[in-house]
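Open the model in your viewer and keep the sequence panel visible. Each stop below gives something to select and then says what is there.

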Amino acid sequence: MSDLRELYQTTILDHNKKPRNFRKPDGANREANGWNPLCGDKVTVYLTVDGDGVVEEVGFQGSGCAISTASASMMTQAVKGKTLDEILEIFDRFHEMVAGPSAAEADLGALGKLSVFSGVHEYPMRVKCATLPWHTLRSAVRGDGEIAKTE
Ligand code: ZN
């Protein structure tokens, strides 16, 4: 567990300093906004979805704490090239890992690099920071035009 904790810290710091896909992609055809009033995190997630429901490009913009920024950054890497259905599955797994009642049994292997966020489960205030980009992503996937809120 201490290895994972160390990895968590270095990963968060790295992605916060150099967020990946921090931009609005060309041809973005879906977007959603998210807000976490507890921490003040704000994020906009953009998707370029092709005719087969595959996410060709994904990006985000916004301002937030290190955890929300790193979570958004790693999320964009994890979902690029996936179908919308696959993304909803990853959302469920990620949400289960950080916020679910049986987080300890979450399938960390299936989450790959995202598993560094498993430790967030111990910090309820931080759970919303880590899940905000994912809730916003889900809104963009669904295209329901609602502002994703962590409350
Ligand atoms: Zn935050």
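Select strands β1 and β2, which form a hairpin with four residues between them. Strands here are DSSP runs (E, at least two residues) and helices are DSSP runs (H or I, at least four residues), numbered from the N terminus. In the turn, Gly40 has a positive phi of about 95°. The model is predicted, so local features need pLDDT of at least 70 and side-chain atom pairs count only at pLDDT 80 or more, while totals for chains, interfaces and linings use all residues. Residues are numbered from 1 along each chain as its sequence is written, and side-chain values use heavy atoms, with hydrogens and water left out.

**The sheet**

Stay on the hairpin. β1 and β2 run antiparallel and are joined by seven bridges; two strands count as paired if DSSP finds at least two bridges between them. To see one bridge, select Asn33 and its partner in β2, Thr44.

Next, add β3. β2 and β3 form a hairpin with five residues between them, and Gly53 in that turn has a positive phi of about 80°. These two strands also run antiparallel, with eight bridges. Select Thr48 and you will find Glu57 of β3 opposite.

Now add β4. Strand β1 (residues 30–36) pairs with β4 in the parallel sense over two bridges. Ala148 in β4 is the bridge partner of Gly34.

With the four strands shown, what is their order? The open sheet runs β3-β2-β1-β4, with mixed pairing. β3 (55–63) and β4 (148–149) stand at the edges with a single partner strand each, so one side of each has no neighbour in the sheet. Strands of a sheet pair through backbone hydrogen bonds, either parallel or antiparallel.

Colour β2 by burial. Eight of its nine residues are buried, so β2 is largely enclosed by the rest of the structure. Buried means under 20% relative accessible area, exposed means over 50%, and partly exposed lies in between (1.4 Å probe, protein chains only).

**Helix α2**

Select residues 66–79, which make up helix α2. How far apart are its end C-alpha atoms? They are 20 Å apart, which agrees with the 20 Å expected for 14 residues at 1.5 Å a residue; the expected span is 1.5 Å times one less than the number of residues.

Eleven of the 14 residues of α2 are buried, so the helix is largely enclosed by the rest of the structure. Among them are Ile67, Ser68, Ala70, Met74 and Val79.

Within α2, select Thr69. Thr69 is buried, with a relative accessible area of 12%. Not counting residues up to four places away in sequence, Thr69 touches His15, Asn16, Pro19, Phe60 and Gly64; contact means heavy atoms within 4.5 Å.

Just after α2, select Gly81, which takes a positive phi of about 90°.

**The aromatic rings**

The structure holds four aromatic pairs. Rings of Phe, Tyr and Trp (its six-membered ring) pair if their centres lie within 6.5 Å; planes under 30 degrees apart count as stacked, over 60 as edge-to-face and the rest as tilted.

Select Phe94 and Phe117: this pair is edge-to-face, 5.8 Å centre to centre with 65° between the planes. Phe94 is in helix α3 (residues 84–99) and Phe117 in the loop between α4 (108–111) and α5 (124–142), 23 residues apart. Both Phe94 and Phe117 are buried.

Keep Phe94 and add Trp134. This pair is stacked, 4.7 Å centre to centre with 20° between the planes. Phe94 lies in helix α3 and Trp134 in helix α5, so the pair ties together parts that are 40 residues apart in sequence. Add Tyr8 as well: ring pairs link Tyr8, Phe94, Phe117 and Trp134 into a cluster.

**Leu114 and the cysteines**

Select Leu114, in the loop between α4 and α5. Is Leu114 buried or exposed? Leu114 counts as buried, at 3% relative accessibility. Its contacts, not counting residues up to four places away in sequence, include Met74, Met75, Phe94 and Trp134. Leu114 and Tyr8 are 106 residues apart in sequence and 9.6 Å apart in space, C-alpha to C-alpha.

Last, select Cys39 and Cys129. Cys39 is partly exposed, with a relative accessible area of 34%, whereas Cys129 is buried at 0%. A disulfide is a pair of cysteine sulfur atoms within 2.5 Å, and by this rule the count is zero.
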